[in-house]
Amino acid sequence: MGDARVGEADLEDMTQARLDPGDLAELADAAPECTLVFVDDDGWPGGVTMSHLFHEGRFWLTSVRGRAQVRAVERDERVGLVVSSAGSPLPGRRMVRVRGRAVVLDDRATRDAILPLISARLQPSDPDRMLALLDSPRRVLIRVDPVACPQSHDSRRVAGDGRGGAR
């Protein structure tokens, strides 16, 4: 197709459309949810869409002991996170798959530090009420430390926003 830019003649080579590494925090902060990907009890790919907090370069999720995602992280620290701009105020379509190492934490100090931040993110109009709901006996935190971002996309970097329209 000669020297036409991606989005003008085709959508084959999307390397120019990768999310800039510096934009990960903006996407993670704006996205209302992410999908945690793991290997389930039977060895099959598993995933669950969850609210998250991106804080100091790490993803924080909260769950309850005994759920599939908690058992999976306790068994194998290797996880994936998929974050999309869908439902966020960000312009364009953006997504990233994060490869990470996860750990389940349930100590009081970590809960006291992180649960109020998650509560404020999830329910800014009444974070204390949200905290009261989250701070339950079987509550755990899952911390995901990013290792790499092997796949990403930022439609703002493609002619016509990747849909064939005018740039």
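The side chains of Thr62 and Arg139 meet in a polar contact of 3.2 Å. This is a predicted model, and the exercises below start from that contact.

**Exercise A: the surroundings of Thr62**

Find the element that holds Thr62, decide whether Thr62 is buried or exposed, and list what Thr62 contacts beyond its sequence neighbours.

*Solution.*
- Step one, place the residue: Thr62 belongs to strand β4.
- Step two, check accessibility: Thr62 counts as buried because its relative accessibility is 14%, and the cut-off for buried is under 20%.
- Step three, follow the side chain. Besides the 3.2 Å polar contact with the side chain of Arg139, the Thr62 side chain reaches the backbone oxygen of Val140 at 3.1 Å.
- Step four, widen the view. With neighbours within four places in sequence left aside, the contacts of Thr62 are Met50, Leu115, Ile118, Leu134, Arg139, Val140 and Leu141. Both polar partners, Arg139 and Val140, appear in that list.

**Exercise B: the largest pocket**

How much space lies in the largest pocket, which residues lie nearest its centre, and which element gives the largest share of its lining?

*Solution.*
- Step one, the volume: the largest pocket holds about 150 Å³ of space.
- Step two, the lining: 14 residues line this pocket, and those nearest its centre are Met50, Ser51, Thr62, Ser63 and Arg139. Thr62 and Arg139, the pair from the opening contact, are thus both found in this central group.
- Step three, the elements: β2 (45–50), β4 (58–64) and α3 (108–122) each give two or more residues to the lining. The largest share comes from β4, with four residues.
- Step four, the chemistry: the lining divides into six nonpolar, six polar and two charged residues.

**Exercise C: aromatic rings**

How many aromatic pairs does a search of the whole structure find, and what is the geometry of the pair formed by Phe54 and Phe59?

*Solution.*
- Step one, the count: the search finds one aromatic pair.
- Step two, the geometry: the ring centres of Phe54 and Phe59 are 4.7 Å apart, with 55° between the planes, and the pair is tilted. An angle over 60 degrees would be needed for edge-to-face.
- Step three, accessibility: Phe54 is buried because its relative accessibility is 14%. Phe59 is buried too, with a relative accessible area of 0%.

**Exercise D: a positive phi**

Where is Glu56 found, and what is the value of its phi?

*Solution.*
- Step one, the location: Glu56 sits in the loop between β3 (53–55) and β4.
- Step two, the angle: phi of Glu56 is near 55°, a positive value in a residue other than glycine.
- Step three, the background: most residues other than glycine have a negative phi.
- Step four, accessibility: Glu56 counts as exposed because its relative accessibility is 73%, and exposed begins over 50%.

**Exercise E: two serines**

Decide for Ser125 and for Ser152 whether the residue is buried or exposed, then name the polar partner of each side chain.

*Solution.*
- Step one, Ser125: this residue lies in the loop between α3 and α4 (127–134) and counts as exposed at 67% relative accessibility. Its side chain makes a 2.8 Å polar contact with the side chain of Gln123.
- Step two, Ser152: strand β7 (residues 139–154) contains Ser152, which counts as buried at 13% relative accessibility. A polar atom of the Ser152 side chain lies 2.9 Å from the backbone nitrogen of Leu19.
- Step three, the wider contacts: outside four places in sequence, Ser152 contacts Ala17, Arg18, Leu19, Met95 and Val96.

**Exercise F: Cys149 and the whole chain**

Which residues does Cys149 touch beyond four places in sequence, and how many helices and strands does the chain have?

*Solution.*
- Step one, Cys149: this residue is in strand β7 and is partly exposed, with a relative accessible area of 29%. Cys149 touches Arg18, Leu24, Val96, Arg97 and Val98.
- Step two, sequence against space: Cys149 and Leu81 are 68 residues apart in sequence, yet 9.4 Å apart C-alpha to C-alpha.
- Step three, the chain: there are four helices and seven strands, in the order α-β-β-β-β-α-β-β-α-α-β from the N terminus.
- Step four, the totals: 37% of the 167 residues count as buried. Of the contacts between residues at least 6 apart in sequence, 69% join residues at least 24 apart.

Terms used. Residues numbered from 1 in each chain as written. Predicted model: local features only at pLDDT ≥ 70, side-chain atom pairs only at ≥ 80, totals over all residues. Heavy atoms only, no water. 1 Å grid on protein atoms, 1.4 Å probe; cavity = no way out; pocket = protein on both sides within 12 Å on 5 of 7 lines; lining within 4 Å. Points joined across faces, edges and corners; volume = space filled by probe spheres on them. Nonpolar A, V, L, I, M, F, W, Y, C, P; charged D, E, K, R; others polar. Buried < 20%, exposed > 50% of the residue type's maximum accessible area, 1.4 Å probe, protein only. Polar contact = N/O pair within 3.5 Å; in protein donor to acceptor, adjacent residues only side chain to side chain. Contact = heavy atoms within 4.5 Å. Phe/Tyr/Trp six-rings, centres within 6.5 Å; stacked < 30°, edge-to-face > 60°.
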